[in-house]
Amino acid sequence: MISITVTALVFGVVFLAELPDKTALAGLVLGTRYRASYVFAGVAAAFALHVALAVAAGSVLTLLPQQVVHAVTGVLFLGGAAVLLRNKGEDEEEIRKPEDQSFWKVAGAGFMLILVAEFGDLTQIMTANLAARYDDPLSVGLGAVLALWAVAGLGIVGGRALMKRVPLGLITKIAALLMLGLGVWSLWEAAAG
């Protein structure tokens, strides 16, 4: 059964953390060069694979004692908050233009770009943490993949307009504060447990 509360929480945290990420900018660049639906298909497939790997890793963590899981996830959330606050802006990755505009070439370019750029990324680690924290892989996976797809869609279709209206620094600070709160809460539960 899917928990709407866990799914919504995961969606919010992952969405805010992914907005200032380099992959959102990469999606924006790909979306300006190629057919948006082709780019989204490749990017969405890569994000789904990353979420599945992260949820699997987080589910393995649930085999540890609950106090250890809370302590580990708390430290990782605090580290994630520090990374968000430290990285002011990241350079755009160089994107190779496919030889043609066919679905497989464009979707493949989007898939490979996200697959490489997101491996071990903050949102993937955060998704693993959330899967361990809530022991609800389906809800966490659904929330994370929907958040990543939403950011990708925004980046591909309307990223430039969004970034003009909402300062990237504000988005980064909100995501960092949410992660800081989750980290402190997890550490408090580890100490209390």
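Val-145 is buried, with a relative accessible area of 12%, because residues under 20% are placed in that class. This value, like the others below, was computed from a predicted model. Val-145 belongs to helix H7. Leaving aside residues up to four places away in sequence, Val-145 touches Ala-48 and Val-51. Another residue to consider beside Val-145 is Phe-15: the two are 130 residues apart along the chain, yet their C-alpha atoms are separated by 9.5 Å.

From this single residue the reader may turn to the interior. The largest nonpolar core has 32 residues, and Val-10, Val-14, Val-39, Met-126, Leu-130 and Val-140 are those with the most contacts inside it. At least two residues of this core come from each of H1, helix H3 (36-61), helix H5 (103-118), helix H6 (122-134) and H7. The helix that gives the most to this core is H7, with eight residues.

Helix H7 also takes part in a feature of the surface. Ile-2, Ile-4, Leu-138, Leu-142, Leu-146 and Trp-149 make a nonpolar surface patch of about 540 Å². Helix H7, which spans residues 137-165, contributes the largest share of this patch, four residues. Ile-2, by contrast, is placed in the segment before helix H1 (4-18). Its relative accessibility is 37%, so Ile-2 counts as partly exposed; a residue can join such a patch only with over 30% relative accessible area.

The aromatic residues offer a further view of the structure. Three aromatic pairs are counted in the model. One of them is formed by Phe-11 and Phe-15, whose rings are stacked, at 5.6 Å centre to centre and 15° between the planes. These two residues are four residues apart in helix H1 and are therefore separated by about one helical turn. Are they buried or exposed? Phe-11 is partly exposed, with a relative accessible area of 30%, whereas Phe-15, at 17% relative accessibility, counts as buried.

The rings of Phe-103 and Trp-104 are arranged in another way: their centres are 4.9 Å apart and their planes stand at 80°, so this pair is edge-to-face. The class follows because planes over 60 degrees apart count as edge-to-face. Phe-103 is partly exposed, at 30% relative accessibility, while Trp-104 is exposed, at 71%. Together with Tyr-38, Phe-103 and Trp-104 form one aromatic cluster.

Key: Residues are numbered from 1 along each chain as its sequence is written. This is a predicted model: local features need pLDDT of at least 70, side-chain atom pairs count only at pLDDT 80 or more; totals for chains, interfaces and linings use all residues. Side-chain values use heavy atoms; hydrogens and water are left out. Patches are made of residues with over 30% relative accessible area and no salt bridge: like charges are joined within 9 Å, nonpolar side chains (Val, Leu, Ile, Met, Phe, Trp, Tyr) within 5 Å. Accessible areas come from the Shrake-Rupley method with a 1.4 Å probe; for residues, only the protein chains shown count as cover. A salt bridge is a side-chain nitrogen of Lys or Arg within 4 Å of a carboxyl oxygen of Asp or Glu. Buried means under 20% relative accessible area, exposed over 50%, partly exposed in between (1.4 Å probe, protein chains only). A nonpolar core is a set of buried Ala, Val, Leu, Ile, Met, Phe, Trp, Tyr and Cys residues joined through side-chain atoms within 4.5 Å. Contact means heavy atoms within 4.5 Å. Rings of Phe, Tyr and Trp (its six-membered ring) pair if their centres lie within 6.5 Å; planes under 30 degrees apart count as stacked, over 60 as edge-to-face and the rest as tilted.
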